[in-house]
Amino acid sequence: MIILGIETSCDETAAAIVKDGKEILSSVVASSQEMHTKTGGIIPEQAAREQVKSIIPVISESLKQANKTPKQIDAIAVTVGPGLIGSLLVGVETAKTLSLIWKKPLIPVNHLLGHIYASFLEQKNLPKFPSIALVASGGHTDLVYIKNHGNIKWIGGTRDDAAGECFDKTARLLNLPYPGGPSISRESEKIKKEKLTKYPRPLINEKNLDLSFSGLKTAVLNSVQNKKLSQKQIQEESAEIQEAIIDSLISKTLMAIKKYNPKSLIVSGGVAANKRLKEKLRKEIKKQYIEINLYIPEPKYCTDNAAMIASVAFFNQEKTTWNNIVTDPQLNLINTHK
Ligand code: KG4
Ligand code: ZN
């Protein structure tokens with residue numbers, strides 16, 4: 001089955017052609033990130049205007065790269081939420097129109113589920129169920145238990161800010177460019193320091209799967225405001241911030257594994273592209289003798305893309321028609337699944 005995936009929930013405009021949920025025939029991502037770097041963050045109205053301009057060329061390019069015609073497409077999958085309403089509508093309205101003209105079924109997809117299914121792309125051995133997934137993106141940080149396709153239970157996550165948001169906001173306090181995650185990671189790599197314990201890891205000793213990141217932002221603000229930081233101080237601050245965020249994520253993820261004893265662990269969302277997170281998580285799994293199959297997509301499939309949307313659609317074929325699709329900017333992982 002060949003699916004065209006469309007993803008426009010945030011600042012990217014993406015389209016992909018995916019065969020049977022895992023074989024990527026093409027994946028095209030146009031980003032207006034340069035524009036947002038200038039403004040230090042996303043201006044939703046501007047993001048949507050850029051997406052209106054790029055959506056058709058991006059879809060055409062995805063078909064061209066996959067060497068497919070619209071006739072050869074079996075279904076169209078589109079992100080319906082969560083995300084920025086203006087941006088989501090660009091993708092959804094385009095998908096509806098194409099579905100009507102090309103007479104193809106439409107499959108609505110939850111963007112967060114998309115991040116999880118990025119781990120099904122290009123895999124010989126697919127993640128086995130039950131799985132635990134950590135989804136850490138710019139707007140969400142959730143831990144979920146997946147019993148099977150379509151059977152997913154929220155088991156924990158952040159009480160306040162998302163991990164990616166924390167990277168973005170603290171990077172801004174250090175005058176580092178948007179998006180903050182890659183900037184902080186880059187700066188951190190420039191110094192070698194073993195002991196990185198300056199900032200607190202809230203809730204880490206509590207026996208629940210709750211996370212919290214808003215306090216870190218305030219702690220960094222108190223530490224750096226009204227100071228002119230040297231390059232070295234910026235690097236040290238970055239390494240401290242990165243370590244605090246990933247320690248919290250790793251500790252609660254491992255707690256979830258011990259509690260639920262899943263067969264596989266999926267780590268996904270933009271933050272999963274973080275090198276230090278991957279290294280430290282692998283090391284901890286080994287150190288604690290945890291037997292689990294770990295899935296972390298390659299960096300370009302951790303961040304927003306449309307291949308992951310087509311993958312969700314294949315494994316959870318909830319087909320609908322163009323006039324029944326509902327866009328929901330507030331959609332989360334709890335209210336879409338049993
Ligand atoms: O999943 P994503 O591409 O978009 C959303 O759905 O939000 O995630 C974007 C987030 C941003 O907050 C960005 O700073 C963070 O992922 N991010 C990273 C890295 N690459 C992207 N965070 C830490 N390290 C990275 N290498
Ligand atoms: Zn995302």
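Biologist: Let's start with one residue. Where is asparagine 175 found?

Modeller: Asparagine 175 is in the loop between α5 and α6. Keep in mind that this is a predicted model.

Biologist: Okay. Is asparagine 175 buried or exposed?

Modeller: To read that, look at the relative accessible area: under 20% is buried, over 50% is exposed, and in between is partly exposed. Asparagine 175 has 71% relative accessibility, so it counts as exposed.

Biologist: And how do I read its phi? What is the sign of phi at asparagine 175?

Modeller: Here's the general idea: most residues other than glycine have a negative phi. Asparagine 175 isn't a glycine, yet its phi is positive, about 60°. Aspartate 20 is also not a glycine, and its phi is positive, about 50°. Aspartate 20 sits in the loop between β2 and β3 (23-31). With a relative accessible area of 30%, aspartate 20 is partly exposed.

Biologist: Which residue follows α2, and what is its phi?

Modeller: That's asparagine 67, with a positive phi near 60°.

Biologist: Since we've reached α2, how do I check the length of a helix? What should α2 span, and how far apart are its end C-alpha atoms?

Modeller: The idea is to count 1.5 Å for each residue and compare that with the end-to-end distance. Helix α2 covers residues 44-66, which is 23 residues, so it should span 33 Å. Its end C-alpha atoms are 31 Å apart, and that agrees.

Biologist: Where does α2 bend?

Modeller: At serine 54, by about 45°. A proline, proline 57, follows within four residues.

Biologist: Which residues of α2 are buried?

Modeller: The buried ones include Ala47, Gln51, Ile55, Val58 and Leu63. Ser54, where the helix bends, is also among the buried residues.

Biologist: Next, peptide bonds. Where is there a cis peptide bond with omega about -10°?

Modeller: As a rule, most peptide bonds are trans. The one you ask about joins glycine 81 and proline 82. You'll find proline 82 in the loop between β4 (75-81) and α3 (85-102). Another cis bond runs from phenylalanine 129 to proline 130, with omega near 0°. Proline 130 lies in the loop between α4 and β6 (131-136).

Biologist: Now the ligand. Which residues come nearest to ligand 1?

Modeller: Start with the shell of residues around a molecule, then pick out those that come nearest. Here 19 residues surround ligand 1, and His115, Gly138, Asp168, Gly181 and Gly270 come nearest. By kind, the shell divides into five nonpolar, twelve polar and two charged residues.

Biologist: How far is an oxygen atom of ligand 1 from the side chain of histidine 115?

Modeller: An N or O atom in that side chain is 2.9 Å from an oxygen of ligand 1. For histidine 111, the side-chain N or O atom is 3.1 Å from a ligand oxygen. Glycine 138 uses its backbone instead: an N or O atom there lies 2.8 Å from an oxygen atom of ligand 1.

Biologist: How much of ligand 1 does the protein bury?

Modeller: Ligand 1 on its own exposes 540 Å², and the protein buries 88% of that. The elements giving two or more residues to the shell are α4 (111-117), α5 (163-173) and α6 (180-188).

Biologist: Can we try burial on a lysine? Is lysine 280 buried or exposed?

Modeller: Its relative accessible area is 19%, so lysine 280 is buried. Lysine 280 lies in helix α9 (residues 275-287), and its side chain makes a polar contact of 2.7 Å with the side chain of aspartate 247.

Biologist: Last one: how do I compare separation in sequence with separation in space? How far apart are valine 271 and glycine 164?

Modeller: You put the count along the chain beside the C-alpha distance. Valine 271 and glycine 164 are 107 residues apart in sequence, and 5.9 Å apart in space. Valine 271 is in the loop between β10 (264-268) and α9, and at 7% relative accessibility it counts as buried. For a second pair, take glutamate 12 and serine 87: they're 75 residues apart along the chain, and their C-alpha atoms are separated by 8.8 Å. Glutamate 12 belongs to strand β2 (residues 12-19) and, at 10% relative accessibility, counts as buried.

How values were computed. Residues numbered from 1 in each chain as written. Chains lettered and ligands numbered in written order. Predicted model: local features only at pLDDT ≥ 70, side-chain atom pairs only at ≥ 80, totals over all residues. Heavy atoms only, no water. Expected span 1.5 Å × (residues − 1). Bend = angle between axes of the 7 residues up to and from the residue. Buried < 20%, exposed > 50% of the residue type's maximum accessible area, 1.4 Å probe, protein only. Near = heavy atom within 4 Å. Polar contact = N/O pair within 3.5 Å; in protein donor to acceptor, adjacent residues only side chain to side chain. Areas by Shrake-Rupley, 256 points an atom, 1.4 Å probe, with all protein chains shown as cover. Nonpolar A, V, L, I, M, F, W, Y, C, P; charged D, E, K, R; others polar.
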